[in-house]
Structure formats: C-alpha cells, structure tokens
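Here are my notes for your review. Please read them with the coordinates open.

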Amino acid sequence: MAENDAFLQTGGSVLSVAAAQDPSGPKNNDMVTAGTRNEMAMPYSSSCSSRAEQQLREIIDGNREPKSTPTGAALDRAWILFNQIPDQRAHATGVFHLFAQSGRKLDQTRALGAFRLIDEENRTSHDYERAVRVAVQVDNYRIALTINDRATRRNLHQGCSVFLLLHAVSNQLWNTANTVWNTSFRRTSFRFNQTSPTRAALVREVGNYRDLPLAIHQLGSRLREQAPVIMQHSGTLQTLFNELLAALVRNGQLMSIITPQGLQNLFDVSYDLRRAVPSLYLSAIDTINKSAIRPDKGLLADAVYTNLRSSFPEIPPGPSTYGSLLSIHTEQGASAQTYIHYLNEFATFHGVADTRSYQKVLSALATQGDIDGVQDVFLRLCQAHGRPTEPAFYTPLLYVYARLGDVATTEREFQTMKRYGVKPTGYAWNILIYAHARSSQPEHALRVLSRMQAEGVTPDVYTFTTLIGVFARKGDTNAVLDILEKAQQNQVKGSYALITGLVQSYCLNDQAEAAERLAAAATTATFRGNPTTMWNYLLRHYAFLADSKSMLRVQQQMTALGVDADAMTHAAFMTALVLLGKTRDAVQILRTLNMSQTFAATSFHYAIILHGFAQEGDRDMANVIYQELVERFPRLGASPRLAMLHLQAGRNPIENERPKFAAQYLEEILYGLSTEERASRQPQPGLRRRRSVEAVPSLYVEYFVDLLMTKGQVKRAEQLVQRFEALHQSSYLHSSSSTSMSIPLLCARLSVQAEKQAWDDVEAIWRSILERAIQLGQPSRIREQKPLPEITENGKAHTQETPASLPLQPVGLPEVGLVPSNQFTFGSMIPENSLDAFPLDEPGLAILYSQRHLLEAPFNRYLNTLAVRQLQTSAIALVAKMEKVGFALTSKNWNMYIQIMTRSEDPEHWLLAYKLFERKMIAHTPPWPVLQRGKWLPPQESEGTPSVPMHRKVIEKRDPGQLMPTYYTAVHLASALLKANRLAAEGDNTIYTAIWKRAPLTCRYIRRMPYLKDRIQGLLLRNRKMRILPPRRPRLHTTPDRSGVLGSRSPADHVPVTELVGLNSALKMDATDTKSNAAIARTRAVRRAELYEGQIPRTQVGRGEKLGSKKEEQFERRVRHKEEKLLRTLQRMRRDVFLPRTVSDMYIGHPTIPSSVNLVRTGSPRQARQALYGTEQQRLIKEARTRRLLREQRRAVLRRILRGNIPKERTVSRIQERTDASPGQATARIESDRPG
C-alpha cells in the first residue's frame, strides 16, 4: 500500500512537470508514461497489460454517463492501470475525459497529462474545450491559452475560445481576454447582421454567466475612465466590450435577469464610449419580445425604446421593431393609450402604421374588453387606410362585446357587418357562439350552431370547444358527450381542448379517478394541441381539496407521460399551499421559479398569494403584496381588490361600528373598475367558481351588504342595494341583466328585506332565487341521456359510474302530524297575487349532481325567515321538494335546519331536530372541547394514527357535503331539551320521553355540555340579554417580509421616501468613520437606523402605578435588544450600498420600473362617504351615461364608414378629444352639441 502511494505521488509529479513543459503534445515519438522510473524497473508483461487494458476499459465505460461521477478510489485504480499499459496513446482520450470529470486537483493534472498523449490530428473540438476547462480549474492559464491557440490553428476553437473568453471577462482577467480575442476572434469579421459559428456560440453561451453584465459594465467603466491597467489594450478591449454587449442583448437568459437600471447603465457606458449603435437597442427589443421571461417585459421595452429615441432621434426604427413593441404590450395587456402611442410613433417615421399593426391592436383591445379602445383604433384605421375589406378587421368589433357576454350588441354588430357587404367567416360565427357562452343563457349557443350550419358554414374545433365549455362548466357530462358526438359527425379531428371539457365535467361530478384515466388515455393518443391544460384541471381540483397526495400522483403521471408543466400548473400547487395555511411557502416557491426563469410571475400568481394572506388575516403582508402588484402590473383583476376589501373590513373590530374604511375602499373600487375586469378569462381566487363577467362588480356589493347586515346597518345596506340597481340601469361597466339576477346578489337583497320584515318581498326574491337556480342547475336537453362511455386503459375497460341519485324524500322527514296532507300547497310561501306554479313543482325537474349545492347560502337565509314567522312546517315541505328534484343540503344547511326546528313553538319539531341530529350528526360529533373551539375531528387515516382537529369552516369549504355539527347547533338542542324538561315538570313528559327514546346518544351528549359563560349559552339557556363583546385582541403575525414576492430583501431598498436623498453617501460616510468615540459612534448609528427602520419607544407606558426595578430592567433589556437589531440592520445596509444591482438574484429580487397605470385612489374620502349610499345624481352614473353616449357617437361614425363614407378628420378628432377628456368635460361637450 505504501508502495502504491509512493508510486502515485511519483507518477503524479512527473506528469505534472511534463504537462507544464508542453501541454499540446510530445516532441518525439517516444512513449510518455506517468511513471518513468517504475516503467524502467518493471518491464511490461503481455498478459498483465491485456488484463490492465480490460480493467481500464471497464472503469472508463462505467463512467461514460454524463451524470455519473467516478470516485477517488476508482480514479486512483484507473491511473495505476493506465501506467501499466504499453500503448497509452490508444486509451489517452478515454482516460482524459475520465479524469476531467473529477474535482480533485491531482486528477485534473493527470487529465492534462493524458490530453498531452492524444495525437494532434485525433483531437476534437470537444477535447480542446474540455482541456481548456481543466487547465482553468487548476489555475494554469498559460496552458489554457496554449491549448486554445492550437485549437484555433485547426479551426476547432468554437467551444474552447468562447469558454475561455467569457470566463476571463466574467472574472475581469483583461489580459487573458485580450489574448484570447486576438488569437481566436480577430480573424472573424463580427458585424451585427453577420452570423458565424463562433459568434453564434458566443451569443448562446453568454447566458450561462450571470456575472457577465456586471463584468461588461466594469470593463466599459474602466475604458471610460481610461484606467492605466487596461489602456495598453484599449483598442481590443473596446471592440470586445461592443461585441459582448451585442451578444448580451441578443441572449434571452441574460435579458430575463438583467435589471432595468443595469441595462440603462450599460447603454450609458456604450453611448459615452461612442460605441452605441441603433441596432443594439433594436436587438434588445427583439430579444425581450421573443425569448425573455420576466413579468415586466412591457416596462423594460418602453425604457429601451425611450433610450433609442433619445440617443438617436434621427434614426427611424423599422416596422418590425414596432411590431415587437406591440406584441410585448399585447402579452402584458397594456392600455389603449399605450397602443395608440406606438401607432403614432410608427406613423411618425413611416407615414402611417401598417394594417397588420392595427389588426394586432384591435384584437388585443377586444380581448381585454376595451370597447372604447376598439372603436377608437378602428376609427384611426379607417382614417389611415380607408374602409377595410377583410373580415379580420371587423371581428374585434364583435369580440369585444362577446367577452362581456353582451349577446344583443354582438348580434347587432354581426348583422351590421353582413348588411354592409362583409361576409362573416367561421371565426365570426364562433365569436357569436362565444358571446352566448359568456351570457346568462349559454345554452342558446346551440341555436347559433344551427344557424351557422344552415348558412353553409362548417363548424371547426373552436366551435365545439366553445360549446363543450358551456356545459362542462356546469358539470353536464351527458351534454358534453353529445357535443363530442356532433364534433365527430362533422369530422372534426380530435384535440386536447375537446377532451379537456370532459375532464372538467368529471371533476365537477366528483369523478376525479375517471378524469385521471381519461387524461392518461388521451395523452397517449397524441391528439392535437397541448395536453397540459387538461392535467391542470385535475391539479386544480385536488388543490381545492388540499389533497397533496393526489396532486403528487398527478404530477408523477405528467412527468411519466412527458407533459410539460406551465404557469397554471405551478399555480395549482401554490393554491394547495395557500389552502393549507402555508402562504409564505407559496411565496418562496413563486420567487424561486421566477428567478430560475421557469416562468414569469403574473397577476394571477400574485392574486393567489394575496388571497392567502387575506384568509390568514395577515394585513401587513397583504399590503406588501398588494403594493407590489400595483407597481408591476397595469391591471389588478377582481380578486386582489376583493381580498383588500375583506382586510379593510377587519379594521373595524368593534361590534355594530360602521365599517368606514371598507366603505371608502369600496367607493375607490367602484371608481377604479373598468370593462377590462369583467372581460377577463383568467380564474380569480375568492370568486367561488364564478367568472369575472358574472361576478364583477356585484361581488363587492354582495360582500359589503353582508358586512353591513352583520353590523346592524340595515338602512345603509338597503341604500347600497338601491345604488347598485341605479348603477346597473346606467350600463355601468356595460353590465347585462344577468348581473342583477345573480344568486349571491339576490341573496343579499333577501337579507335586507328579511330584516325589514317585508315578507312579500322576501317570498318574491326567494322565488327568483329558485328560478335562477333551476335555470343554472338543470341539465341541457340536447338529446336523451345515455350511459357514460368506457375508457380503456392498459387493456382494461373502466365503466364510468354516475353519481348516486339522491333520495326522493329527505331522511329527516317526520312521521306523524308534520307531514303535509295531499291538499297542501305552497300558497303560504309565495305572494297571494302570484298565479304561477311553484318552481320546484315543475314536472320532470331534475338538478345536476354537480349543482346540488347551488342553494346553500340563500337556503340558510330563507330558513331564518321561516323561523321568524314560525313556519317550520313549510320548511319541512320545502326540504322534501328540494331533495326530490336533486338539490342537496350541506352541513351548514342541516345545522340551520336543526336550529330552526328547536326554535319552533311546536314540540314535535323539537323531536324532529333530535332525530335528525341522531341520524346525521352524532356519528361525526367531536368531544366538547373540540366542538366549542369550532373544530372537527376527521376520521383516522390509519390505525394508531390520532386524528388532528381541523377547523370546521375549512372542511365546509372543501367538502360541503361532509356533515359536521356546530357548537351553536348543540346549544340549540340543549335549549329544546330544557324546554321539554320544563313541560315534563308541568306534567307533560311525552316529548321528553320521546326525545330520549328516539335520540339517546344525542341526549347523553347534550347532557355532558360544559357550563360556559359565553354568549350563545347565556342567550338560549339562561335567557340573558345580548351584550356587546369587547373587541378581540388582534392576532399576532410574524414580522412581515418587505421583499414580497420579487422585491429586494436588502433593508437599504426599503427606507422611507423622505430619507432617500443622500442615503448612499450617508451610509458610506458612516462606514468609513473610524475617528469617533465608540459610544458616540454607536449612539449616532442607532439614531440613523431609527430614521430608516422606525423609532424605538424608550418610555414604558404604565397604568399609573409605579413600576418595579425588575420590570424596568426587563424593559431596558428589550430596548437594548432592539438597538442591537437596528445596528445589525444598519450594518447590512452599509454592506448593501456597495452591492451591484446589475442582475436579479434571490437577495435583491427583481427590480422593475413602477407601472404608470394607477387604477386606485381615484376618489377623495369625503366624496366616497357621500356617494356610496346615494341614489341619484352620482358621478359614477354620469360617467357610465357619458361613456354610453360616446360609444353611440362612435358607432354612428362607424356605420357611415361601412357605407363607404369616410368621415372628416375633424369629426373623428372631436370624438377622440371627448374620449380623452374627463367625464364632466365630455358630458358638457356632448350636451353642447345637441340641438335645442
């Protein structure tokens, strides 16, 4: 063993010297071995050498895989065998690559020795590159330069030269970089429009060097300062700077991580060196459009274009540049003003923007739902190019209304297009179908399909995808299958978009296993399109159930089938973390994925995070995320505003206090909303499966009405409902009639009328709710229902099981005295003047299984009204009819149903309540300590594993059908038992005995109820008056992370605005101050840190009594601890001042340019308080009417254009001026133009 060690040491030293003398190869034909002394002492044996060669080949072959890393022992053994072989040149290449994988310096030296043994003519480009990398690892740049020179002579230097150059530049080795450039790059002509293999490799490889932008900036700064160290090579290095900067702006990876300030600094240095050319900026814009992955592409492209125009005002950018800018902003969803700005810039240099740019802008604005923008740009198109003749320019006029679900206006524009000679294409017919799909009556889209086929237009895959989406959203699987059959009859090729609807329908019907089998079978069938969306529906389904095991299983299937994950895939996992209460983990995942360029964070990802913090009640972190969302994205969406409205409501913890903060914020929301929010197709957290076109703006009003009702502000709630109805009549946000008929809004109106005890109005609203629920919940009658198909997987057929049908009669229906007679009618439950039949009495009515819980919230509120009127018998009959047609009661409903039975004056209802609890709830009832805390014990997953209590409300959201009792229900049952006990004390023990006989387990459980001094027991059991509870102490959260999702973690980037001036100089001066006394310096540092991080309270607030010395010591200790924390923060700030912020990373985050579009804070607080509850002459109504008048005027001009009469430029300009003016000015101008 000692001999082997000595041999290795000797061989290694000899080889190292030999390699250093001539790394390119031997000078004679003599065999060069690693151990010359041992070779002379021990001549080779033929048998030993053949055995050594065989063993060496086995070691080399066993480590050929890229991921395999040989161990140190294996490498030592291989080196010994290599020295025993006579013909080392035959194995030199394999030995070289084997030892080049190692990280040990000894092995890297051995690799260079083996490379020296490879014949010059047998060396490949890969060999040279690997050898240069090994030489750099051993810090022997002389050998690296020599190898690169030999490779350049043989024209095999593309790999090694690019690596050596970029490595030298990244490490600021300017002499080495100069040598490499003169050796390998000077011979090649490098111009912007010329491509060469070396230049292409340079552009491709620069993305692997994150430090390269900083190094390029350092090189440019030294050249600008004329530093003596590099001035001897200034000519070459200036050329190198220019070429590397050109490669940087053409590389998508570096353009994804470079900060706006870093790119600006590079452009400034290039301009100062007089090396800047327009193509540099144009390449940057093109790269941002095509390959950059970042959330602020539009803002960065604007900054680059501004630099181009300011640096080269006389150079006209080409049409392709403006096309790239418009494409970037189309992806980002920019405002109409941004598009018009670039169209005007296009016209400034080229006379007029081309028709393709106009068509792109029209399509983008139509997708965003911007009616005014579409009309304005179409007028500009006609001014520039005359009346268009292609249908593609007219379809945006249809699509913008289709996105808003406005069927009437879409149909009107469709007929207008036909009337004036523009023949509708299949795309136009698809838009008309899509308008019905977005409306309140989506089933009418089938009528458009019949019209389409009658006129000879062949439906395509998009037609049937839209139709399938109509029925898949409600879980009507049979209708989806019928549409798929129609698609087959029309010879539409199979696509993943069609199968996605069926997967979605299965998930809504709790058939996720069938959906998984279908998705797997469809993926292996290789249909057209992308299968990722289909799998994302499965992930979202399991995410809302917080089923992490199933999500991991689906992810494994996706990986096995080769399905790529996208941004929505990661959003599903973030949603699961949020529902599990791990929002900060979701933030970390989003930050990591964005920094690694896996995908660019969108406003949807921010909405998930914001919704999670709002659910947790963490207002500080929610504010951080919200402010970052406003800065980075021009459009917020519906969900972030809703989350912040919830948090604003929590700022009034005192009971029955008017929610002034939430009222002010609601007014700001209503002023800041636009049609773009309604037109969004992106899913929004917190909307509970409602689309934005249906939920906006009513969801804000619905929530605030409920909030006012809980605060006892009934009159305010009624005024708000009236205000919203007035807004609806004024075409606010171009809302349709379906908005006022939404079930949540009707539910809010029912609550208001119930508090006023306007029972006729309550019954009318309840009837409207039932009619709307039946319309949404009943299956579509396309044809007779048929059994679900079989799905074949791995040779086995799986028959899809339909959901179990609900019983015709409710389980809890009483036997004697409570069942209505055959002559019973619902006349007492509806107004007497109504002669129509009750909605639930419709013959053959059946509700889809997926819509069985549609009446959960309104049913509870209606039950309360029945309890107030002592109409519990009507409630029993109503439950029977609801279950008969297919509506199912959730856990909340059963709890409320039991509670109103205990509040009845009829003792038989008490008995029914106990029987229902015995049958449905007692098996799922947790112990009293768990129940009174609002939690529930789920069943044990396995034996020996104890159940962990979970919040009942969380389970109710995930699985509404899971029956769980509430503490309120138990106390209500106790009150009924108490009343029965009083009757027994008076001599009537019939009910008391019957309750104990029919529900013994429930009675024993209720008898074990602990005595608690809470509000519900005091009111129901001890007949005490309700008292206002003191405000709860706010929940303490962890210290907020001011970095948010993509912000900086450096405290230097979060100082107050008032302290920003002179921040860097102040911190640098403190860092270099070494003359002051230690105590004085510490005090000064604490004071400065307090300016940046907030002042420390140094006086203890007591209650009048004198504090003890021990408490004073504790208080002083806490103050010192806070001071030390501030000093550490200040030290970090001093360090961070010197940090370069050229590229994004996990510490400084992803700096961006703040968005210029501000959609909030548009109304003053005084106006908000006056306008929120008003009913007439409100500014919002005036604005809505003004917009409607402007649209009518623009449409009149458009009709003239379709007739071939192009209006005068003055007419169009006058309309555009009104569009850009404020609502008040626009109204005044419109009124002044009216005759009389």
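**Notes on the model**

1. Start with Lys474. This lysine is buried, at a relative accessible area of 8%. The model is predicted. Glu443 is the salt-bridge partner of Lys474, with N and O 3.1 Å apart. The two sit in distant parts of the chain, 31 residues apart. Lys474 is in the loop between helix 26 (461-472) and helix 27 (477-489). Glu443 is in the loop between helix 24 (426-437) and helix 25 (445-454). Glu443 is partly exposed, at 23% relative accessibility.

2. The UniProt record, an unreviewed entry, lists "repeat: PPR" at residues 390-424 and 425-459. What is the helix content over residues 390-424? The chain there is 63% helix and 0% strand, with end C-alpha atoms 10 Å apart. Residues 425-459 are 63% helix and 0% strand, and the end C-alpha atoms are 10 Å apart.

3. Next, the charge pairs. Side chains of opposite charge can pair when their charged atoms come close. The whole structure holds 48 salt bridges. One of them joins Asp272 to Arg224, with closest N and O atoms 2.8 Å apart. Asp272 belongs to helix 15 (residues 260-272) and Arg224 to helix 12 (residues 212-225), so this bridge ties together parts 48 residues apart in sequence. Asp272 is partly exposed at 43% relative accessibility. Arg224 is partly exposed at 38%.

4. Arg690 and Glu702 form a salt bridge at 2.9 Å, N to O. Arg690 is in the loop between helix 38 (675-679) and helix 39 (692-695), while Glu702 is in helix 40 (residues 698-710), so the pair ties together parts 12 residues apart in sequence. Are these residues buried or exposed? Both Arg690 and Glu702 are buried.

5. Salt bridges also form a network. Its members are Arg1082, Arg1087, Glu1090, Arg1098, Glu1123 and Glu1124.

6. Look at Asp107 in helix 6 (residues 105-117). Asp107 counts as buried because its relative accessibility is 0%, and the cut-off for buried is under 20%. Which side chains make polar contacts with the side chain of Asp107? The side chain of Ser102 does so at 2.8 Å. The side chain of Arg104 does so at 2.6 Å. Setting aside neighbours within four places in sequence, Asp107 is in contact with Leu75, Asp76, Phe99 and Ser102.

7. Helix 41 (residues 714-729) has 16 residues. From first C-alpha to last, helix 41 reaches 23 Å, close to the 22 Å expected at 1.5 Å a residue. Which residues of helix 41 are buried? They are Val714, Ala717, Leu720, Val721, Arg723, Phe724, Leu727 and His728. For reading that list, recall that an α-helix has 3.6 residues a turn, so residues three or four places apart point the same way. After helix 41 comes Ser731, with a positive phi near 60 degrees.

8. Last, the cysteines. How many disulfides does the structure hold? The count is zero. A disulfide would be a covalent bond between the sulfur atoms of two cysteines. Cys160 is buried, with a relative accessible area of 0%. Cys747 also counts as buried, at 4% relative accessibility.

Note on methods:
Residues are numbered from 1 along each chain as its sequence is written. This is a predicted model: local features need pLDDT of at least 70, side-chain atom pairs count only at pLDDT 80 or more; totals for chains, interfaces and linings use all residues. Side-chain values use heavy atoms; hydrogens and water are left out. Helices (H or I, at least four residues) and strands (E, at least two) are DSSP runs, numbered from the N terminus. The expected span of a helix is 1.5 Å times one less than its number of residues. Buried means under 20% relative accessible area, exposed over 50%, partly exposed in between (1.4 Å probe, protein chains only). A polar contact is a pair of N or O atoms within 3.5 Å; within protein, one must be able to donate a hydrogen and the other to accept it, and residues adjacent in sequence count only if both atoms are side-chain atoms. Contact means heavy atoms within 4.5 Å. A disulfide is a pair of cysteine sulfur atoms within 2.5 Å. UniProt positions are given in the numbering used here, feature names are shortened, and annotations may be inferred rather than shown by experiment. A salt bridge is a side-chain nitrogen of Lys or Arg within 4 Å of a carboxyl oxygen of Asp or Glu.
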